[in-house]
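The exercises below are to be worked with the sequence and the coordinates side by side. Try each task before reading the solution that follows.

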Amino acid sequence: MNRLEYYMYNFNIVELKKYLGDDLSELLVEWIPDGEQIFSERNLIKMILSVYGNKILDNRDFRNRLIRAFEPQRILDYRFFSRDVKMKKMPQL
């Protein structure tokens with residue numbers, strides 16, 4: 001599981017359906033094997049990443065929600081890393 005997927009598990013089902021697109025989520029029901037829960041977090045996350053890949057990060061609302069899923073220490077780590085990059089004139093990742 002990559003970091004993006006890890007943090008997406010903090011989203012609720014309604015949010016995941018919104019980011020996938022409500023119309024698209026109804027159409028993609030065919031992807032789900034019989035007997036499996038259609039709108040589980042796991043399935044919705046897999047669909048979002050399959051359809052959009054990392055392009056989902058172009059969505060400003062998604063990025064804001066993703067940041068709110070971070071642990072407070074993770075946010076501070078990024079903040080200090082960014083400051084260090086600027087101070088040392090290191091190339092940004």
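A residue is called buried when its relative accessible area is under 20%, exposed when it is over 50%, and partly exposed in between, with a 1.4 Å probe and protein chains only. The model is predicted, so that local features need pLDDT of at least 70 and side-chain atom pairs count only at pLDDT 80 or more, while totals for chains, interfaces and linings use all residues. Residues are numbered from 1 along each chain as its sequence is written, and side-chain values use heavy atoms, with hydrogens and water left out.

**Exercise 1. Classify Met-1 and Ile-38 as buried, partly exposed or exposed, and place each in the chain.**

Solution. Begin with Met-1, which belongs to the segment before helix 1; helices (H or I, at least four residues) and strands (E, at least two) are DSSP runs, numbered from the N terminus. Its relative accessible area is 69%, so Met-1 is exposed. Beyond its neighbours within four places in sequence, Met-1 is in contact (heavy atoms within 4.5 Å) with Tyr-6 and Tyr-9. Turn next to Ile-38, in the loop between helix 3 (22–27) and helix 4; with 34% relative accessibility, Ile-38 counts as partly exposed. Ile-38 and Ser-25, 13 residues apart in sequence, have C-alpha atoms 9.5 Å apart.

**Exercise 2. Describe the overall make-up of the protein chain.**

Solution. The protein chain has six helices and zero strands, which gives the pattern α-α-α-α-α-α along the sequence. Of its 93 residues, 29% are buried. Among contacts with a separation of 6 or more, 62% are between residues 24 or more positions apart.

**Exercise 3. Test whether the length of helix 4 agrees with the expected span, then find what its buried residues pack against.**

Solution. The expected span is 1.5 Å times one less than the number of residues. For the twelve residues of helix 4 (residues 41–52) this comes to 16 Å, and the end C-alpha atoms are 16 Å apart, so the two values agree. The buried residues of helix 4 are Asn-43, Leu-44, Ile-45, Met-47 and Ile-48, and they pack against helix 1 (3–8) and helix 2 (13–20). After helix 4 comes Gly-53, with a positive phi near 60°.

**Exercise 4. Which residues of the largest nonpolar core touch the most other members, and which elements supply it?**

Solution. A nonpolar core is a set of buried Ala, Val, Leu, Ile, Met, Phe, Trp, Tyr and Cys residues joined through side-chain atoms within 4.5 Å. The largest has 16 residues, of which Met-8, Phe-11, Leu-16, Ile-48, Phe-62 and Leu-66 touch the most other members. Two or more residues come from each of helix 1, helix 2, helix 4 and helix 5 (60–69), and helix 4 gives the most, with four. In soluble globular proteins, nonpolar side chains tend to be buried together. Leu-16, leaving out residues up to four places away in sequence, touches Met-8, Phe-11, Glu-41, Leu-44, Ile-45 and Ile-48.

**Exercise 5. Find the salt bridge in the structure and state which parts of the chain the pair ties together.**

Solution. The criterion is a side-chain nitrogen of Lys or Arg within 4 Å of a carboxyl oxygen of Asp or Glu, and a search of the whole structure yields one such bridge. The partners are Glu-15 and Arg-65, whose closest N and O atoms are 2.8 Å apart. Because Glu-15 lies in helix 2 and Arg-65 in helix 5, the pair ties together parts that are 50 residues apart in sequence. Glu-15 is buried at 18% relative accessible area, and Arg-65 is likewise buried, at 11%.
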